[in-house]
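Notebook open, model loaded. I want to go through some side-chain pairs, a sheet and a helix packing, and jot down what I find.

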Amino acid sequence: MKCTRLLLACLVCLITVKSAAAQPAKTSFKFDFGSGKTAAGYQQILPTAVYAADKGYGFDFNTTVKAVDRGGKDALKSDFIASDKPLYFSVDLPEGNYNVTFTLGDAKGQSSTSVKAESRRLLLEKTKTAPGKFATHTFTINLKSRQILGGNSVALKPRELTKLDWDNKLTLEFNGAATCLNSLEITPAPNAVTVFLAGNSTVVNQEEEPWASWGQMLPRFLKSGVAVANHAESGLSLGSFLGSRRLEKVLSVMKPGDYLFIEFGHNDQKEKGPQDGAYNSYTERLKLFVAEAKKRGGIPVILTSTSRRSFGPNSKIENSLGDYPEAARQVARAENVALIDLTAMTQTLYETIGVEESKKAFVHYPANTYPGQEQALADNTHFSPYGAYQIAKCVVEGIKANKLGLVKFLRNDTPPFSPTQPDALAAWQWAESPRTDTVKPDGN
């Protein structure tokens, strides 16, 4: 009898475990930050809510915050979580697009913060609120998984295995001198338009300071209703993007009306096989990307490679990309797809900034960063946050010039931009994230 009861208990336990495992993951959350009254329908978040896998949400990466309660009838805005250092909050979520809404402000004081998501994707530039004023913002954010329907998975590089872009949670970074976070809401956005990015180190979301790429700046210029899914990675060519099953991954989740932005060339130049070259494998693979996106009702957009900072003796940029930009232009014409000529725009941008000042658009190594290095060095391929931001503005202008449907999703606070009139570096602000790395990303 005891054996029978034990067997039945084990069966019940097994059924319970299987049932729990079969339950769909939670995808909607409403958080009320602070120690005061909790708004109806919201979950209170105190400073002690440290992220744990069994709980599935909380303050992450040793974040330290304090609770402030101003009192009052408005349960959401009368109290908040405050910090004068970068604040990370993570929530476990499955792959997909999500509308994320947060409210910042203090009923009795000023607030100042910027917001990034995942691997330093810029959402909100430095935003201040006066005492008693609040700012509510909504962004649509993409979360991706390396798993591909059918059993395959993306072949990640070692450095990607720990990237926030590839884990199983949404992580938000609130970074400012006076962050006052009142509330956070998360809801699925399955009908949002997705802009997939395929590219190399000039496109990828760079996780560590001081590196940056235009792909991680692009979300700042977009309203809710469109998400950027950045599948680029440092060191990739069209061939290695294919070989690591990244195009397969993109196509497996692409919907009709989604976009595929394609920028390669820097690393394709280094491929020296008998079938390689701008008008051979590069052209054929570009056509393949375009054709596969069209098959799924997607909208492909070809971008020529960002120019390297390769000044000649006349203070003009010399072409270091060979025939690859022209090959990309020819494919765009032949396939009747939109072209954003980043090569031309970035050449103009660097020349406008000037030979010396343009170094600041790239990562700049101070003297003695490495053993035996006596002079300051500029990496002439990989961008600083300032440079990446300027190039993202070039991409936005390309979206406008091609009259893509994305134009209606551009934020209203995005002024017209020309590479002949870049933002003044002295007036441009960037809230640095805590993670840094002096190792140059793959590719050149």
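**Entry: a salt bridge across the sequence**

I started with Lys316, which makes a salt bridge with Glu351, the closest N and O atoms being 4.0 Å apart. My rule for a salt bridge is a side-chain nitrogen of Lys or Arg within 4 Å of a carboxyl oxygen of Asp or Glu. Lys316 sits in the loop between β15 and α6 and Glu351 in helix α7 (residues 342-353), so this pair ties together parts that are 35 residues apart in sequence. Helices here are DSSP runs of H or I with at least four residues, strands are runs of E with at least two, and both are numbered from the N terminus.

I then looked up burial. I call a residue buried under 20% relative accessible area, exposed over 50% and partly exposed in between, using a 1.4 Å probe and protein chains only. Lys316 is partly exposed at 44%, and Glu351 is partly exposed too, at 27%.

Note to self on the source: this is a predicted model, where local features need pLDDT of at least 70 and side-chain atom pairs count only at pLDDT 80 or more, while totals for chains, interfaces and linings use all residues. Residues are numbered from 1 along each chain as its sequence is written, and side-chain values use heavy atoms, with hydrogens and water left out.

**Entry: other salt bridges**

How many salt bridges are there by this rule? I get 27. Among them is Asp258 with Lys255, where the closest N and O atoms are 3.1 Å apart. Asp258 is buried, with a relative accessible area of 1%, whereas Lys255 is partly exposed at 25%.

I also checked Arg329 and Glu326, whose side chains meet at 3.2 Å, N to O. Both lie in helix α6, 3 residues apart, about one turn of the helix. Arg329 comes out buried at 19%, and Glu326 partly exposed at 27%.

I noted a network as well: salt bridges link Lys116, Arg120, Glu173 and Glu209.

**Entry: α5 against α6**

At what angle do α5 and α6 pack? I read about 35 degrees between helix α5 (residues 281-295) and helix α6 (residues 324-335), with the axes 10 Å apart. The axes are lines fitted to C-alpha atoms, for helices over the stretch in contact, and angles run from 0 to 180 degrees between N-to-C directions.

For contacts I use heavy atoms within 4.5 Å. On the α5 side I listed Tyr282, Thr283, Leu286, Lys287, Val290 and Lys294, and they meet Tyr324, Ala327, Ala328, Val331 and Glu335 in α6. These contact residues divide into 7 nonpolar, 1 polar and 3 charged. In that split, Ala, Val, Leu, Ile, Met, Phe, Trp, Tyr, Cys and Pro count as nonpolar, Asp, Glu, Lys and Arg as charged, and the others, Gly among them, as polar.

I also saw that α6 lies across β15 and β16, running at about 160 degrees to β16.

**Entry: the sheet**

Next I traced an open sheet of 5 strands, in the order β13-β12-β14-β15-β16, with parallel pairing. Two strands pair if DSSP finds at least two bridges between them. The edge strands are β13 (226-230) and β16 (338-340), each pairing on one side only. Neighbouring strands are turned by 25 degrees against each other on average, direction ignored.

At one edge, β15 (residues 299-303) is joined to β16 by 3 bridges, and Leu303 has Ile340 as its bridge partner in β16. At the other edge, 5 bridges join β12 to β13, with Phe196 partnered by Ala229.

Is β13 covered or uncovered? I found it mostly covered, with 5 of its 5 residues buried. Val226, Val228 and Asn230 point one way from β13, and Ala227 and Ala229 point the other way.

**Entry: two loop residues**

Val204 is in the loop between β12 (193-199) and α2 (214-217), and it is buried at 1%. Leaving aside neighbours within four places in sequence, I list its contacts as including Arg159, Lys163, Asn230 and Glu233.

Gly298 is in the loop between α5 and β15 and counts as buried at 9%. Not counting residues up to four places away, Gly298 touches Met254, Asp258 and Ala293. That brings me back to Asp258, the buried partner of Lys255.
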